[in-house]
Amino acid sequence: MGRSSRFPFIVTVVAFLLCSGLFARVSGQEVESEEAIPAASLLQAAEDLARSGIEYGDARAVVAAAELMILATPADPRVDTGEPVPPREVGGVDLDPRSLLYEATRIAAEAGDHYTAMLARRVAADTVLGFGDPALADSLRRAGPPWPRGAVGGPVRKEGLLLEGRPETVRIEFEGGYRPNGIFVTSPDPLVDLDCTLQVDGEEIARDAGVERSCRFGWKQRVVREVTVRIEHVGGTTRYLLLTN
């Protein structure tokens, strides 16, 4: 092998040694890589995410934890897992994917969070990244929030950014006929205090200014009309999520 043909090979070997996080002895000299990044446990990350979601009533985090657990524990016939280990629990909820999807749906139903309830059903039904269990998805659908008439054209979901000292306004047209209408606004930051007002034709008809990271409005109206949601907050820049029925 000539000098020029050996060079790419040597570069490849050295690159492998540097990336492996191991020690290698080359030409009698010890070569040490940079400090290796500790291995991450997907199951531990999922449990931590589930605990946080259950503690703070964050249905989206609980759904994400369930899906992460499914991805971290694929069925592999080559691996003998031994005797099954009972799942740990937090707040009376078993930390396993099925139980977490039910808990996420329960939290979403209490909050009127239709979008996250739908995500839980998708994880249950998905044959690639979820359970692939239509019966479970149907059970979650029955446990989730109802879908009364609301925004014209169907439920609205909007994510946005709240800048410090700058309120956000969102205009949405809702159905009439005295059907129940609902708006839910929340922030992923549990320390944020959201203050929201609901306006029709420039007149404030409702206010939710409690000390928490969520706002909720429910009302009925005779005819189709546009409403305006004004969102303010105390604190630095943060994100928000707005959902309607």
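A residue is described as partly exposed when its relative accessible area falls between the bounds for buried, under 20%, and exposed, over 50%. By this criterion Glu 159, with a relative accessible area of 48%, is partly exposed, and Arg 157, at 30%, is likewise partly exposed. The side chains of these two residues meet in a salt bridge, with an N to O distance of 2.6 Å. The model on which these values rest is a predicted one.

Salt bridges were sought across the whole structure, and the search finds ten of them. Besides the pair of Glu 159 and Arg 157, a salt bridge is formed by the side chains of Arg 225 and Asp 201, for which the N to O distance is 2.9 Å. Arg 225 belongs to strand E11, whereas Asp 201 is placed in the loop between E8 and E9, so this pair ties together parts that are 24 residues apart in sequence. The two partners fall into separate accessibility classes, since Arg 225 is partly exposed with a relative accessible area of 34%, while Asp 201 has 70% relative accessibility and counts as exposed because the bound for that class is over 50%. A further salt bridge links Arg 207 with Glu 204, and here the closest N and O atoms are 3.2 Å apart; Glu 204 is partly exposed, its relative accessible area being 40%. In addition, Glu 103, Arg 106 and Glu 110 are linked with one another in a network of salt bridges.

Strand E11, which carries Arg 225, is also part of an open sheet of four strands, in which the order is E6-E11-E8-E9 and the pairing is antiparallel. The edges of this sheet are occupied by strand E6 (168–174) and strand E9 (203–208), each of which has a single partner strand, so that one side of each is left without a neighbour in the sheet. On average, and with direction ignored, neighbouring strands of the sheet are turned by 25 degrees against each other. The antiparallel pairing of E6 with strand E11 (residues 225–234) is made by seven bridges, and within this pairing Glu 173 has Glu 226 of E11 as its bridge partner.

Strand E8 of the sheet is further involved in a covalent link. The structure holds one disulfide, which joins Cys 196 to Cys 215 with an S to S distance of 2.3 Å. Cys 196 lies in strand E8 (residues 193–200) and Cys 215 lies in strand E10 (residues 214–219), so the pair ties together parts that are 19 residues apart in sequence. The link between Cys 196 and Cys 215 is right-handed, with 80 degrees about the S-S bond. In contrast to the partly exposed residues described above, Cys 196 is buried, with a relative accessible area of 0%, and a value of 0% likewise places Cys 215 among the buried residues.

A charged residue with a low accessibility value is found elsewhere in the model, in helix H2 (residues 42–56), where Glu 47 is located. Glu 47 has 11% relative accessibility and therefore counts as buried, the bound for that class being under 20%. When residues up to four places away in sequence are not counted, Glu 47 touches Met 69, Arg 88 and Leu 95.

Methods: Residues are numbered from 1 along each chain as its sequence is written. Side-chain values use heavy atoms; hydrogens and water are left out. Helices (H or I, at least four residues) and strands (E, at least two) are DSSP runs, numbered from the N terminus. Buried means under 20% relative accessible area, exposed over 50%, partly exposed in between (1.4 Å probe, protein chains only). Contact means heavy atoms within 4.5 Å. A disulfide is a pair of cysteine sulfur atoms within 2.5 Å. Two strands pair if DSSP finds at least two bridges between them. Axes are lines fitted to C-alpha atoms, for helices over the stretch in contact, and angles run from 0 to 180 degrees between N-to-C directions. A salt bridge is a side-chain nitrogen of Lys or Arg within 4 Å of a carboxyl oxygen of Asp or Glu.
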